[in-house]
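This report introduces a protein structure to a reader who has not met it before. It treats pairing of strands, nonpolar cores and backbone geometry in turn.

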Amino acid sequence: MLQDIERVLISEKQLQERISELGKQLAADYADKEPIFVGVLKGVVNFFTDMVRATQIRCQYDFMAVSSYGSGTSTSGNVRLLKDISTDIQGRHVVILEDILDSGLTLSFVKERLLSMEPASLKICTLLDKPERRRVDVYADYIGFTIPNEFVVGYGLDYKEFYRNLPFVGVLKPEVYSK
């Protein structure tokens, strides 16, 4: 796997330091609100786990699964709901946790879906923000790292379901995904 990585973009240490900072910020912002964290599967799993542990407050969590990529390197533009949340969020404070905000299509779909359930508030926390690729108006309230327009894998992010288990975020060599 490592031979497929052009370079490490964000190290394991940098990830943990930034997640600790975000966790403290969310804990302060939601101290008395008992938020529900909603993770967007599958890529968010590593970030989600570390993030909720870093946010030392009473909270609940749930997951959604959506698909817009298939096995390619860019969005198909068609977002499909594969798994909805099972928690009633009406009148509750909700924080969407996402691995990467890229085109914005998936997150826009998730946001609209959750807003239709009438939460008290809805905020977005993304590990990675790639604004150069944005196709719709959706923005994160909390951002781990803003990254350039490169194809990244690791720490939950994948290419054809591989590389998710890398402990860092790395740039995938173009020859790997252009075969």
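Strand 8 and strand 9 are paired in the antiparallel sense, and two bridges link them. Across this pairing, V152 stands opposite V171 in strand 9. The model discussed here is a predicted one.

Strands 8 and 9 belong to an open sheet of three strands, in the order 1-9-8 and with antiparallel pairing. Strand 1 (5-10) and strand 8 each have a single partner strand and stand at the edges, so one side of each has no neighbour in the sheet. In general, the strands of a sheet pair through backbone hydrogen bonds, in a parallel or an antiparallel manner.

**Nonpolar cores**

The largest nonpolar core holds 28 residues, of which F47, L97 and L128 touch the most other members. Two or more residues come from each of helix 1 (12-29), helix 2 (45-54), strand 5 (93-101), strand 6 (121-129), strand 7 (142-146) and strand 9 (169-172). Helix 1 makes the greatest contribution to this core, with five residues.

Which residues are in contact with L128, leaving aside its neighbours within four places in sequence? They are I10, D99, I100, L101, F145, I147, V152, L157 and V169. V152, named here as a contact of L128, is also the residue that stands opposite V171 in strand 9.

A second core, separate from the one above, has 17 residues and includes V40, I89, L101 and V138. L101 is thus named both in this second core and among the contacts of L128. As a general tendency, nonpolar side chains in soluble globular proteins are buried together.

**Backbone geometry**

A cis peptide bond, with omega about 0 degrees, joins L41 and K42. K42 lies in the loop that runs between strand 2 (36-41) and helix 2.

Positive phi values in residues other than glycine are found at K160 and at Y163. K160 is in the loop between strand 8 (152-153) and strand 9, and Y163 is likewise placed in the loop between strand 8 and strand 9. The table sets out their values.

| Residue | Phi | Relative accessible area |
|---|---|---|
| K160 | near 55 degrees | 46% |
| Y163 | near 80 degrees | 7% |

Is each of these residues buried or exposed? With a relative accessible area of 46%, K160 is partly exposed. Y163 is buried, because its relative accessible area of 7% falls under 20%.

Definitions and conventions:
Residues numbered from 1 in each chain as written. Predicted model: local features only at pLDDT ≥ 70, side-chain atom pairs only at ≥ 80, totals over all residues. Heavy atoms only, no water. Core = buried A, V, L, I, M, F, W, Y, C linked by side-chain atoms within 4.5 Å. Buried < 20%, exposed > 50% of the residue type's maximum accessible area, 1.4 Å probe, protein only. Helix = DSSP H or I, 4+ residues; strand = E, 2+ residues; numbered from the N terminus. Contact = heavy atoms within 4.5 Å. Pairing = 2+ DSSP bridges.
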